[in-house]
Amino acid sequence: MNSKSILYLVAVLAWGATGCQMKEKTTVQRKDLVDAVFASGNIVTKDRYLVTSLSEGYLQHSFAEEGDSVKNGELLFQLQDKTPKAQLESAEIAYQKAQDNLRSGSPVLQKLYQQEMQLKNQWQNDSVNFVRYSNLIQANAVSKAEFDRSKLACENSESEYKAIQNTIEDTKRTLRLDLANAKANLVAQQENSEHFLMTSQVNGLLLQRFKEDGELVKRGETVAEIGAGQYIARLQVAEEDINRVEVGQSVYIELNTNRNHAYSARISKVYPAFDTNEQSFIAEAVFTEKVPSLKSGTQLQSNIVVAEKKGALVIPADYLEPGEQVFSEKHNSSIKVMTGIETSEWVEIIGGLNEGDVIEKQKS
């Protein structure tokens with residue numbers, strides 16, 4: 001075969017290959033369309049309570065274990081509290097001493113009351129002498145100097161009596177202030193001491209312990225988790241989907257402990273703020289059917305139904321071209337269409353095409 005014949009054969013084969021490459025086609029059809037948002041998550045209890053330490057210390061005693069039912073106010077854990085215990089005892093003694101000092105029979109006040117009594121008696125005697133000398137001077141029975149000394153003695157004793165009364169009132173105010181300070185310190189030490197005791201704030205089940213006896217617990221650390229109330233699904237929703245999720249929407253949940261069943265639920269709450277710990281928005285769903293052997297912490301996947309339509313006019317999603325266009329066989333060109341619900345597989349057509357119209361796929 002010469003070179004011309006070879007080139008001719010290659011051209012024919014190339015043409016044949018191009019001509020035989022059939023474009024994919026489909027018809028516009030009707031389907032029940034469901035648009036859903038995917039969200040992963042886990043099972044939690046509605047009234048979950050995290051036992052958090054308000055002080056720092058070594059875990060000394062644990063009064064409950066995983067699986068125990070606990071009541072509101074029940075003591076669960078105790079941190080080592082030698083220092084705060086000593087501070088509390090000191091505060092109690094100081095408060096008791098301040099109370100004793102303020103009583104009328106206290107040594108501090110009793111001493112002042114005795115001085116007051118002595119000065120009062122002195123003032124009364126001096127007053128009597130002053131009256132007597134006042135009468136005597138009118139009868140020229142005493143000298144002017146004697147009269148003046150009696151007058152001065154009376155005035156001095158009166159001043160000393162009034163001064164001790166002021167001292168008593170100042171001392172009482174100081175003792176009342178000491179009592180108030182001692183009480184405030186006692187309350188602070190009592191609260192500080194209580195921070196070494198961790199109690200439950202709900203009736204529930206102790207689900208997890210994160211610290212063992214002897215371990216150091218820092219301020220703000222979570223020591224245990226208590227579950228209370230009904231089980232709910234805590235869902236992590238991506239930022240681009242959160243505005244499509246609303247309270248009341250249906251959810252189908254598949255648990256990792258039972259992957260063969262999708263349980264029905266509904267959205268009960270959508271948190272308004274982004275959760276920086278989870279790096280997603282959070283929504284909660286309550287089950288609308290009984291879920292056997294449900295356990296807190298179970299991982300799950302869910303589909304939140306954000307839109308659905310019966311008998312929607314649809315085309316496969318990969319036939320839709322950029323700019324909401326499709327290639328119409330009838331027009332032998334791309335035409336503009338109006339779309340509605342879009343899923344990963346199907347796109348609803350609400351304008352531009354009719355049921356049965358044939359469209360071609362332009363991209364492989």
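**Exercise 1. The sheet around S4**

Determine which strands pair with S6 and S9 through S4 in this predicted model, and in what order the sheet is built.

*Solution.*
Step 1. Strand S4 and strand S6 (residues 75-79) are joined by three bridges in the antiparallel sense. Within this pairing, Ser62 faces Phe77 of S6.

Step 2. S4, which spans residues 57-62, also pairs with strand S9 (residues 216-217), again in the antiparallel sense, here over two bridges. Tyr58 lies opposite Leu216 in S9, and the bridge partner of Gly57 in S9 is Val217.

Step 3. These pairings belong to an open sheet of four strands with the order S7-S6-S4-S9 and antiparallel pairing. Its edge strands are S7 (197-199) and S9, each of which pairs on one side only.

**Exercise 2. A nonpolar patch at the surface**

Locate Phe63 and establish whether this residue is buried, partly exposed or exposed; then state which residues form a nonpolar patch with Phe63.

*Solution.*
Step 1. Phe63 is placed in the loop between S4 and strand S5 (69-70).

Step 2. The relative accessible area of Phe63 is 42%. Buried residues lie under 20% and exposed ones over 50%, so Phe63 is classed as partly exposed.

Step 3. Phe63 joins Leu75 and Leu197 in a nonpolar surface patch, and the accessible area of the three together is about 230 Å².

**Exercise 3. Span and burial of helix H3**

Compare the span of H3 with its expected value, list the buried residues of H3, and identify helices that take part in covering them.

*Solution.*
Step 1. Helix H3 (residues 107-138) contains 32 residues. From the first C-alpha to the last, H3 reaches 47 Å, which is close to the 46 Å expected at 1.5 Å a residue.

Step 2. The buried residues of H3 are Leu109, Leu112, Glu116, Asp126, Tyr133 and Ser134. In an α-helix there are 3.6 residues a turn, so residues three or four places apart point the same way.

Step 3. The cover over the buried residues of H3 includes helix H2 (82-102) and helix H4 (144-194).

Step 4. Just after H3, Asn140 adopts a positive phi of about 55°.

**Exercise 4. The partners of S16**

Describe how S16 pairs with S17 and with S20, naming one opposed residue pair for each pairing.

*Solution.*
Step 1. Strand S16 (residues 325-328) and strand S17 (residues 333-336) are antiparallel and share four bridges. Gln325 stands across from Lys336 in S17.

Step 2. The hairpin of S16 and S17 has four residues between its strands.

Step 3. S16 pairs with strand S20 (residues 358-360) as well, in the antiparallel sense and over two bridges. Phe327 is set opposite Glu360 in S20.

**Exercise 5. Positive phi in loops**

For Gln279 and Asn332, state the phi value, the loop that holds the residue, and whether the residue is buried or exposed.

*Solution.*
Step 1. Most residues other than glycine have a negative phi. Gln279, which is not a glycine, has a positive phi near 55°.

Step 2. Gln279 lies in the loop between strand S13 (258-270) and strand S14 (281-287). With a relative accessibility of 55%, Gln279 counts as exposed.

Step 3. Asn332 likewise is not a glycine, and its phi is positive, at about 50°. The loop between S16 and S17 contains Asn332.

Step 4. The relative accessibility of Asn332 is 59%, and therefore Asn332 counts as exposed.

Definitions and conventions
Residues numbered from 1 in each chain as written. Predicted model: local features only at pLDDT ≥ 70, side-chain atom pairs only at ≥ 80, totals over all residues. Heavy atoms only, no water. Pairing = 2+ DSSP bridges. Patch = residues over 30% accessible without salt bridge, like charges linked within 9 Å, V, L, I, M, F, W, Y side chains within 5 Å. Areas by Shrake-Rupley, 256 points an atom, 1.4 Å probe, with all protein chains shown as cover. Salt bridge = Lys/Arg side-chain N within 4 Å of Asp/Glu carboxyl O. Buried < 20%, exposed > 50% of the residue type's maximum accessible area, 1.4 Å probe, protein only. Expected span 1.5 Å × (residues − 1). Contact = heavy atoms within 4.5 Å.
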